[in-house]
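Student: I've got this one open in the viewer and I'd like a close look at a single spot, then a walk outward from there. Could you take me through it slowly?

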Amino acid sequence: MALIVVFVLGLYFKCRPTLTAFAESQAVWIATKTANQTVAELLERHSDLCQRMIQVHYKENQELSSVIPDSAAINTVRTAITEATMDEMEKLSSFSVSIPTGTLLGFDWLSGWGPLVSFPISFTSTVLSDVSSSLEAVGINQSAYRVLIHLDISLYVVTPGGRFSVGTQMSYPMAEVVLLGEVPDNLTEVYGDDQTLLGKIFDYGTVE
């Protein structure tokens with residue numbers, strides 16, 4: 001009996017690293033896939049808001065005057081994406097991982113061989129979002145101004161091999177415009193905090 005217990009414990013500790021690695025990779029893959037699909041769907045659904053997120057104004061001589069991000073549109077889309085991603089993650093709080101026996105045992109020469117062994121996996125998730133902008137030169141007197149949303153997904157995973165935390169971060173462009181002419185020197189961003197629904201908002205600069 002003692003030998004059986006020792007054998008089972010030895011097998012458990014032998015398989016645990018592989019099981020944990022598979023569970024981690026699967027959890028991150030599910031989170032990434034869910035976020036990609038959710039963001040794509042929400043951006044299409046709110047395409048009208050995305051189109052008016054950035055307002056560009058020129059002077060009469062076509063000189064660039066100001067760039068004004070619409071904070072209301074930005075935060076409406078941001079909130080929708082964050083809540084939808086969280087809802088979708090909650091629907092996928094459990095799944096199973098199937099690993100070939102040879103791979104599970106950790107022997108390289110047996111990797112991919114043997115019958116599949118399935119293990120239940122469950123997790124809880126937290127989704128945080130942030131907004132930023134970027135300005136990039138794309139040609140002579142041309143700059144691309146983008147508004148991006150950043151998702152930070154934290155996962156607490158429970159497996160037969162133990163419990164651990166893992167996370168993934170992703171960024172998606174919500175709106176983009178090409179600015180023609182010299183960009184105003186005082187184009188700025190003003191950052192708030194995440195204690196309100198507005199979070200980070202943008203200010204704008206002008207050139208007289």
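Student: Which residues does threonine 20 touch, not counting residues up to four places away in sequence?

Tutor: Sure, with one caveat up front: this is a predicted model. Leaving out residues up to four places away in sequence, threonine 20 touches Gly161 and Phe164. Threonine 20 itself is found in helix H1, which covers residues 2-45. Now look at how far along the chain you have to go to reach that glycine: threonine 20 and glycine 161 are 141 residues apart, yet their C-alpha atoms are separated by 6.0 Å. As for the second partner, Phe164 falls within strand S6, which spans residues 162-180.

That contact fits a wider pattern. In the protein chain, among contacts with a separation of 6 or more, 65% are between residues 24 or more positions apart. For orientation, the chain has four helices and six strands, and from the N terminus on they run α-α-β-β-α-β-α-β-β-β.

Stay on helix H1 and slide along to threonine 38, which lies in that helix too. Again not counting residues up to four places away in sequence, threonine 38 touches Ile81, Ala84, Thr85 and Glu88. Threonine 38 counts as buried, because its relative accessibility is 6% and the cut-off for buried is under 20%. Those partners take us to helix H3, residues 71-91.

One of them, glutamate 88, has another job for us to follow: it forms a salt bridge with lysine 91, with the closest N and O atoms 3.2 Å apart. Both sit in helix H3, and since they are three residues apart, about one helical turn separates them. Glutamate 88 is partly exposed at 29% relative accessibility, whereas lysine 91 is exposed, with a relative accessible area of 61%.

Now step back from helix H3 towards the N terminus, to aspartate 70. Aspartate 70 pairs with arginine 52 in a salt bridge whose closest N and O atoms are 2.7 Å apart. Arginine 52 lies in the loop between helix H2 (47-51) and S1, and aspartate 70 in the loop between S2 and helix H3, so the pair ties together parts that are 18 residues apart in sequence. Of the two, aspartate 70 counts as buried at 15% relative accessibility, while arginine 52 is partly exposed at 42%.

Between those two residues you'll find a hairpin. Strands S1 (residues 54-58) and S2 run antiparallel and are joined by five bridges. If you want one pair to click on, the bridge partner of valine 56 in S2 is valine 67. Five residues separate the strands of this hairpin, and glutamine 62 takes a positive phi near 65°. Strand S2, residues 64-69, is mostly covered, with six of its six residues buried.

Let's come back to strand S6, where Phe164 sits. Further along, glutamate 176 meets arginine 146 side chain to side chain in a salt bridge (2.9 Å, N to O). Arginine 146 lies in strand S5 (residues 142-159) and glutamate 176 in strand S6, so this pair ties together parts that are 30 residues apart in sequence. Arginine 146 counts as buried at 19% relative accessibility, whereas glutamate 176 is partly exposed at 45%. There's a third member as well: Glu136, Arg146 and Glu176 are linked in a network of salt bridges. Across the model, the count comes to five salt bridges.

There's also a nonpolar feature at the surface. Tyr58, Val138, Val178 and Leu180 make a nonpolar surface patch of about 320 Å². Valine 138 has its place in strand S4, residues 116-139, and it counts as partly exposed at 43% relative accessibility. Tyr58 belongs to strand S1 of the hairpin, and Val178 and Leu180 to strand S6.

To finish with the chain as a whole, buried residues make up 39% of its 208 residues. The chain exposes about 12000 Å², and carbon and sulfur atoms supply 57% of that. And the spot you asked about is one place where helix H1 touches residues from far along the chain, with threonine 20 against Gly161 and Phe164.

How values were computed:
Residues numbered from 1 in each chain as written. Predicted model: local features only at pLDDT ≥ 70, side-chain atom pairs only at ≥ 80, totals over all residues. Heavy atoms only, no water. Buried < 20%, exposed > 50% of the residue type's maximum accessible area, 1.4 Å probe, protein only. Pairing = 2+ DSSP bridges. Contact = heavy atoms within 4.5 Å. Areas by Shrake-Rupley, 256 points an atom, 1.4 Å probe, with all protein chains shown as cover. Salt bridge = Lys/Arg side-chain N within 4 Å of Asp/Glu carboxyl O. Patch = residues over 30% accessible without salt bridge, like charges linked within 9 Å, V, L, I, M, F, W, Y side chains within 5 Å.
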